Amino acid sequence: MTTSPRNAAPHATDSQDTATPSAVLPDAIAARYGRTSRNRARDRRLIWSAAAAFAVVFVAWVVWAGLDGSRPSIESRNTAHEIVDDTLVSVSFEVTGPQDTPMACSVQALNEQFAVVGWKVVELPPSEQRTRNLTELVRTTELSNTGVVDTCWVVEDGS
């Protein structure tokens, strides 16, 4: 029985002529898959650049958030409302803010669909009291369902 060259046992000289996977140079594999020292250096630069950009954005956010807290805090709370008639609502509310500081609040009247049917800006002069209770009448274009204080703010000089 003859053996075909494919099934023949390899000779010692055949194994020395062919390259085995362990004989392939690591640098050749790295170059084949784009992992050269030049690419690794570029990857390191990209990572450091991304980290630096993140740090700059984070520091800017911290500074912005810290400076934003320097404004005086004003809180408002609805305490009651009374529908006087089809064109008038009485809104009672409480405002807590810095003493001796002029403030303003917007007061709204809303209908059943929560659409604004009346609106008024109430200016509060400086006061020794930190918390003030107020009641304002707001004219409406139709029957309102409720009255609320919407927003309050500090009135700056010249505003």
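**An antiparallel sheet and a nonpolar surface patch**

Leu67 is exposed, with a relative accessible area of 59%. That value lies over the 50% cut-off for exposed residues. The model is predicted. Leu67 is placed in helix 3, which covers residues 37-68. Leu67 also contributes to a nonpolar surface patch of about 910 Å². The other members of this patch are Phe54, Phe58, Val59, Trp61, Val62, Val63 and Trp64.

The strands were examined next. An open sheet is formed by 3 strands in the order 1-2-5, with antiparallel pairing. Strand 1 and strand 5 are the edge strands, each pairing on one side only. On average, neighbouring strands of this sheet are turned by 20° against each other, direction ignored. In general, strands of a sheet pair through backbone hydrogen bonds, either parallel or antiparallel.

Strand 1 spans residues 75-85 and strand 2 spans residues 88-96. The two run antiparallel and are joined by 9 bridges. A hairpin of 2 residues connects strand 1 to strand 2. Within this pairing, Ile83 has Val89 of strand 2 as its bridge partner. On the other side, strand 2 pairs with strand 5 in the antiparallel sense, over 9 bridges.

Glu94 illustrates the contacts of strand 2, in which it lies. Its relative accessible area is 19%. Glu94 therefore counts as buried, the cut-off being under 20%. The bridge partner of Glu94 in strand 5 is Asn133. Asn133 is also among the contacts of Glu94, together with Thr131 and Arg132. Further contacts of Glu94 are Glu75, Ser76, Arg77 and Thr79. These contacts leave aside neighbours within four places in sequence. Ser76 is 18 residues from Glu94 in sequence, yet the C-alpha to C-alpha separation is 5.6 Å.

A loop residue was also considered. Ser144 is found between strand 5 (131-139) and strand 6 (146-154). Ser144 counts as buried because its relative accessibility is 6%. Its contacts include Ile83 and Val89, the residues that form a bridge pair between strand 1 and strand 2. Ser144 also touches Ala109, Leu110, Asn111 and Val117. Residues up to four places away in sequence are not counted here.

Three residues thus sit in three settings. Leu67 of helix 3 is exposed. Glu94 of strand 2 is buried. Ser144, in the loop between strand 5 and strand 6, is buried at 6% relative accessibility.

Key. Residues numbered from 1 in each chain as written. Predicted model: local features only at pLDDT ≥ 70, side-chain atom pairs only at ≥ 80, totals over all residues. Heavy atoms only, no water. Pairing = 2+ DSSP bridges. Helix = DSSP H or I, 4+ residues; strand = E, 2+ residues; numbered from the N terminus. Buried < 20%, exposed > 50% of the residue type's maximum accessible area, 1.4 Å probe, protein only. Contact = heavy atoms within 4.5 Å. Patch = residues over 30% accessible without salt bridge, like charges linked within 9 Å, V, L, I, M, F, W, Y side chains within 5 Å. Areas by Shrake-Rupley, 256 points an atom, 1.4 Å probe, with all protein chains shown as cover. Salt bridge = Lys/Arg side-chain N within 4 Å of Asp/Glu carboxyl O. Axes fitted to C-alpha atoms, helices over the stretch in contact; angles between N-to-C directions.
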